[in-house]
Amino acid sequence: MEENHLFPVFFKLNRLHTLVVGGGNIGHEKLNAMLQNCPDANITVVATWFLPEVEALAQQHHTITLIQKEFSCGDMIGKSLVIAATNDKELNYTIWEKAKCSKVLINVADTPELCDFYLGSIVQKGNLKIAISTNGKSPTVAKRLKQVLQEAIPDTLDEVLNKLQVIRDRLKGDFTEKVKQLNKITDVLVQEKEKEQ
């Protein structure tokens, strides 16, 4: 039976430099997704033309640079991540090849077999962030799960997280001891759910 062997990570996009190739609808979608999660993401967008919405995002976010030109290998220099977001499959494949040669992680839009990483559906409630992956099988299922979780998780959860951080900062002992104490404190959350059921 096939399983999802992806390893979930959360990138600090303000510390990395991301290259997006494509200034159309796909590029706009990817740009929007990154900015919703990290408004000060450091992004360079290379394209022969830009949607007005992409230009508007660049005006709103000073960390976005738009470069109007055709993609070239030199665009990879100094980049940590690349997103090939054009509707030209041949160009996307070329970008993938250049990324592999440059040892840069790449996501090729709508081509799971050429992706080193995926941009999953994200559920966010304050500091809590949950990424959902279907291993590239069904973005629609990921979107529906996002809706369910967004409605099910209370907005007040961020208050709980903030209070737990204060408690964690006051706890004494090594890491193992702190984990044990925090598990004991948060055990009440699970017990209350079990009682309701």
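Modeller: Let's start with a rule: a residue is called exposed when its relative accessible area is over 50%, buried when the value is under 20%, and partly exposed in between. Please keep in mind that this is a predicted model.

Biologist: Thanks! Why is E2 called exposed?

Modeller: E2 has 55% relative accessibility. The cut-off for exposed is over 50%, so E2 passes.

Biologist: What makes K137 and E2 a salt bridge?

Modeller: The rule asks for a side-chain nitrogen of Lys or Arg within 4 Å of a carboxyl oxygen of Asp or Glu. Between K137 and E2, the N to O distance is 3.3 Å, so the pair fits the rule. The two residues come from distant parts of the chain: K137 sits in the loop between β7 (128-132) and α4 (139-152), while E2 sits in the segment before β1, 135 residues apart. K137 is also exposed, at 57%.

Biologist: How many salt bridges does the structure hold?

Modeller: There are 4. Another one of them joins D75 and K69, at 3.0 Å from N to O.

Biologist: How do you know whether D75 is buried or exposed?

Modeller: Its relative accessible area is 9%. That value is under the 20% limit, so D75 is called buried. Its partner K69 has 28%, which falls between the two cut-offs, so K69 is called partly exposed.

Biologist: Why is the pair of D155 and K125 called a salt bridge?

Modeller: Here the N to O distance is 2.7 Å. The limit is 4 Å, so this pair qualifies too. D155 lies in the loop between α4 and α5 (157-170), K125 lies in strand β6, and they are 30 residues apart. D155 is exposed, at 62%, whereas K125 is buried, at 9%.

Biologist: What else does the side chain of K125 reach?

Modeller: It reaches the backbone oxygen of I153, at 2.9 Å. Strand β6, where K125 lies, covers residues 121-125. Setting aside neighbours within four places in sequence, K125 is in contact with Q150, I153, P154, D155 and D158.

Biologist: Now the cysteines. How many disulfides does the structure hold?

Modeller: It holds 0. A disulfide is a covalent bond between the sulfur atoms of two cysteines.

Biologist: How do you know that C101 is too far from C73 for a bond?

Modeller: The cysteine sulfur closest to that of C101 belongs to C73, and it is 7.2 Å away. A disulfide needs the two sulfur atoms within 2.5 Å, so C101 and C73 do not form one. C101 is exposed, with a relative accessible area of 67%.

Biologist: And why is C115 not bonded to C101?

Modeller: The sulfur of C115 is 17 Å from that of C101, its closest cysteine sulfur. Set against 2.5 Å, that distance rules out a disulfide. C115 counts as buried, because its 16% is under 20%.

Biologist: One last topic, then. Which residues make the nonpolar surface patch?

Modeller: F7, V9, F11 and L105 make it, and the patch covers about 420 Å².

Biologist: What makes V9 fit for such a patch?

Modeller: A patch residue needs over 30% relative accessible area and no salt bridge. V9 has 45%, so V9 meets the area cut-off. The same 45% lies between 20% and 50%, so V9 is called partly exposed. Along the chain, V9 is found in the segment before β1 (18-21).

Note on methods
Residues numbered from 1 in each chain as written. Predicted model: local features only at pLDDT ≥ 70, side-chain atom pairs only at ≥ 80, totals over all residues. Heavy atoms only, no water. Patch = residues over 30% accessible without salt bridge, like charges linked within 9 Å, V, L, I, M, F, W, Y side chains within 5 Å. Areas by Shrake-Rupley, 256 points an atom, 1.4 Å probe, with all protein chains shown as cover. Helix = DSSP H or I, 4+ residues; strand = E, 2+ residues; numbered from the N terminus. Buried < 20%, exposed > 50% of the residue type's maximum accessible area, 1.4 Å probe, protein only. Polar contact = N/O pair within 3.5 Å; in protein donor to acceptor, adjacent residues only side chain to side chain. Contact = heavy atoms within 4.5 Å.
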